[in-house]
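This document leads the reader through one protein model, from its overall plan to its individual residues. Please keep the sequence and the model in view while reading.

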Amino acid sequence: MAEQALAAIYRDYIACLNARDWPGLGRFVADDARHNGRPIGLAGYCAMLERDVEAIPDLRFDIALLICEPPHVASRLAFHCTPKSAFLELPVNGRTVRFSENVFYAFRIGKIAEVWSVIDKPAIEAQLREPMGDLVSPSSAARPGR
């Protein structure tokens, strides 16, 4: 698969996530997908995303960096969101935070077969150490690109 075609599939996948189109996820994720080395399949992948959105209702996936070398994709995703309670075992509890996720994908027959993901937890920890006045409050959050 050519780099441009793979990049287009990946961008469509991100649009699917942002649209919360869980029934459409099968167009992008293999039935036997693996996440960070463990088999979760399409159903487990979908359930993981549904849990993420339940915990973070304003979750939006923004591509900050995208590199394609078929059959692999490397992406840095940027987040600016407000988890309702603890997130990554951190007491975020309604505070708006910014962080990144570095994620690598292996595609097989045009679908995501493997995902390796690392979230920048230290960035969130640093924000939680700041006084509340230094963070953007959920009610006044100005979101770039919206």
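Helices and strands here are DSSP runs, at least four residues for a helix and at least two for a strand, numbered from the N terminus. By that definition, R60 is found in the loop between α2 and β3. The model is a predicted one.

The overall plan comes first. The protein chain contains 3 helices and 6 strands, and their order along the sequence is α-β-β-α-β-β-β-β-α. The chain has 146 residues, of which 40% count as buried. Among the contacts with a separation of 6 or more, 56% are between residues 24 or more positions apart. The chain exposes about 7,900 Å², with 56% of that area supplied by carbon and sulfur atoms.

The path begins with helix α1, which covers residues 3–18. This helix has 16 residues and spans 23 Å from its first C-alpha to its last, close to the 22 Å expected at 1.5 Å a residue. Its buried residues are L6, A7, Y10, Y13, I14, C16, L17 and N18. Their cover includes the helix α2 (41–55) and the strands β1 (29–35), β3 (62–69), β4 (72–81), β5 (97–108) and β6 (111–119). Just after α1, R20 adopts a positive phi of about 60 degrees.

Helix α2 can be described in the same terms. It has 15 residues and reaches 21 Å from its first C-alpha to its last, close to the expected 21 Å. G41, Y45, C46, M48, L49 and V53 are buried in α2. These buried residues pack against α1, β1, β2 (38–39), β5 and β6. The two helices therefore appear in each other's surroundings: α2 is part of the cover of α1, and α1 is one of the elements against which α2 packs, where contact means heavy atoms within 4.5 Å.

Which elements each supply at least two residues of the lining of the largest pocket? They are α1, α2, β4, β5 and β6. About 440 Å³ of space lies in this pocket. Its lining has 24 residues, and the closest to its centre are H35, D52, E101, S117 and I119. By class, the lining divides into 19 nonpolar, 3 polar and 2 charged residues.

The loops remain to be considered. In the loop between β1 and β2, N36 has a positive phi of about 50 degrees although it is not a glycine. N36 counts as partly exposed because its relative accessibility is 42%, a value between the limits of 20% and 50%. In the loop between β4 and β5, N93 likewise has a positive phi, near 45 degrees, and is a residue other than glycine. With a relative accessible area of 47%, N93 is partly exposed.

The loop between β3 and β4 holds P71. A cis peptide bond joins P70 and P71, with omega of about 10 degrees.

Finally, the text returns to R60, in the loop between α2 and β3. Is this residue buried, partly exposed or exposed? R60 is partly exposed, because its relative accessible area is 34%. R60 and A15 are 45 residues apart in sequence, and their C-alpha atoms are 9.5 Å apart in space.

Conventions
Residues are numbered from 1 along each chain as its sequence is written. This is a predicted model: local features need pLDDT of at least 70, side-chain atom pairs count only at pLDDT 80 or more; totals for chains, interfaces and linings use all residues. Side-chain values use heavy atoms; hydrogens and water are left out. The expected span of a helix is 1.5 Å times one less than its number of residues. Buried means under 20% relative accessible area, exposed over 50%, partly exposed in between (1.4 Å probe, protein chains only). Accessible areas come from the Shrake-Rupley method with a 1.4 Å probe; for residues, only the protein chains shown count as cover. On a 1 Å grid over the protein atoms alone, a cavity is a set of points where a 1.4 Å probe fits but cannot get out, and a pocket is an open set with protein on both sides within 12 Å along at least five of seven lines; lining residues have an atom within 4 Å of a point. Grid points are joined across faces, edges and corners, and a volume is the space filled by probe spheres set on the points. Ala, Val, Leu, Ile, Met, Phe, Trp, Tyr, Cys and Pro count as nonpolar, Asp, Glu, Lys and Arg as charged, and the others, Gly among them, as polar.
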